[in-house]
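Work through the following exercises with the model open beside you. Try each task before reading its solution.

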Amino acid sequence: MDIRERQFLEKEIPHFQREIKNLYRKFDREFGLHGAEVPIKFSFEENVLGSYSPKSEMTQEHFTFSLYFISFMNKDPMHHLDKIDLYAHEYAHYMQYHYEIPQKHLWQPGKHGSAWKYCCSLVGAAPTEFYRIGEGLKKHDYEKALYNPHADKNYVLKDRRSQEQMYEDKRRRVIQYAVGEEIEHPKYGKGIIEEIKPYDRGVHLNIRFKDESKLIDQAWLARTRYKKRT
Ligand SMILES: [Zn+2]
């Protein structure tokens, strides 16, 4: 970006400043907050659209928005609703620090975790971490975004079952026989293990009996009393 482009964009600052503050004042009235009083900085960042920085030892609390993005991105102006979505996204970050989040929305940690998504649902921001063109124009599925699988009894049961299944599968994949080992089958009689073939849920044994070769599941052989001959 050359100097003239930058100067042109800088002239737009008061306009964006007003646009953002107006929106934040509206949110502030609704939620009893003071986001519109937080200073807004503008950058020419080409990778970061916006950010919220909470007060720290190093910095004052502030928002930053990239003029590069809110003015033109790839020479296409950002759609008005995408711009509003960007502002609301950052306001939701501000809310995370200043608004009381109900306990049930604290299950997922992280900057873009459940608390932030809950704030998004309040201000109408897309509950997605990354910017996608046109996201601001869509209807957002908050029910899905705010869904806590761990609070759902059915989910926990399903999860437990799948963990048990995983454990069982793992157990079944432990090879219990060796090539060359002799076994005794109730129907086919004496056999010799010729090949061991592990698969995703267990182990198949290729066994040579007197007349033919058979593929037999190790679990079956181990479960019956026709175990290894020792
Ligand atoms: Zn974010």
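The exercises below go from the overall layout to the metal site, the sheet, the cores and the hairpins.

This is a predicted model, in which local features need pLDDT of at least 70, side-chain atom pairs count only at pLDDT 80 or more, and totals for chains, interfaces and linings use all residues. Residues are numbered from 1 along each chain as its sequence is written, and side-chain values use heavy atoms, with hydrogens and water left out.

**Exercise 1. Domains**

Task: State how the protein chain is divided, and give the separation of the domain centres.

Solution:
- Take the bounds, which come from an automatic or database domain assignment. Domain 1 spans 3-151 and domain 2 spans 182-223.
- Then take the centres over C-alpha atoms. They are separated by 63 Å.

**Exercise 2. The zinc site**

Task: Which atoms coordinate the zinc ion, and what spacing do its donors follow along the chain?

Solution:
- Look for donors: N, O and S atoms within 2.8 Å of the metal (3.2 Å for Na, K and Ca). Water is not among the atoms, so the site may look incomplete.
- NE2 atoms of His89, His93 and His112 coordinate the zinc ion, at 2.1 Å.
- Read off the pattern: the donors are spaced H-x3-H-x18-H.
- Place two of them on a helix. Helices (H or I, at least four residues) and strands (E, at least two) are DSSP runs, numbered from the N terminus. His89 and His93 both sit in helix α4 (residues 80-98), 4 residues apart, or about one turn of the helix.
- Check accessibility. Buried means under 20% relative accessible area, exposed over 50%, and partly exposed in between (1.4 Å probe, protein chains only). His89 counts as buried because its relative accessibility is 10%. His93 is buried too, at 4%.

**Exercise 3. The open sheet**

Task: Give the strand order of the open sheet and the helices that pack on it.

Solution:
- Two strands pair if DSSP finds at least two bridges between them. Here 3 strands form an open sheet, ordered β1-β3-β2, with mixed pairing.
- The edges are β1 (40-43) and β2 (50-53), each pairing on one side only.
- Axes are lines fitted to C-alpha atoms, for helices over the stretch in contact; angles run from 0 to 180 degrees between N-to-C directions. Neighbouring strands are turned by 20 degrees against each other on average, direction ignored.
- β2 pairs with β3 (residues 62-66) in the antiparallel sense, over 4 bridges. Gly50 has Phe65 as its bridge partner in β3.
- Now add the helices, using contact as heavy atoms within 4.5 Å. Helix α2 (residues 13-31) packs on the sheet and touches β1 and β3, its direction making about 135 degrees with that of β1. Helix α4 also packs on the sheet; it touches β2 and β3, at about 15 degrees to the direction of β2.

**Exercise 4. Cores and helix α5**

Task: Which residues touch the most other members of the largest nonpolar core, and how is α5 covered?

Solution:
- A nonpolar core is a set of buried Ala, Val, Leu, Ile, Met, Phe, Trp, Tyr and Cys residues joined through side-chain atoms within 4.5 Å. The largest has 39 residues; Tyr24, Phe65 and Val123 touch the most other members.
- Two or more residues each come from α2, β1, β3, α3 (67-71), α4 and α5 (114-123). The largest share, 7 residues, is from α4.
- Follow Val123. Beyond neighbours within four places in sequence, it contacts Phe27, Phe31, Ala88, Tyr91, Ala92 and Met95.
- A second, separate core holds 10 residues, including Tyr177, Val203, Ile216 and Ala222.
- Back to α5: 8 of its 10 residues are buried. The cover includes α2, α4 and α6 (142-145).
- Gly124 follows α5, with a positive phi near 80 degrees.

**Exercise 5. A buried loop histidine**

Task: Where is His105, and is this residue buried or exposed?

Solution:
- His105 lies in the loop between α4 and α5.
- Its relative accessible area is 8%, so His105 is buried.
- Not counting residues up to four places away in sequence, His105 touches Ser114, Ala115, Tyr118 and Leu146.

**Exercise 6. Two hairpins**

Task: How many bridges join β4 to β5, and how many join β6 to β7?

Solution:
- β4 (residues 182-185) and β5 (residues 189-199) run antiparallel, joined by 4 bridges. Their hairpin has 3 residues between the strands. Ile183 stands opposite Gly191.
- β6 (residues 202-208) and β7 (residues 213-217) are antiparallel, with 5 bridges. This hairpin connects through 4 residues. Asn206 faces Leu215 in β7.
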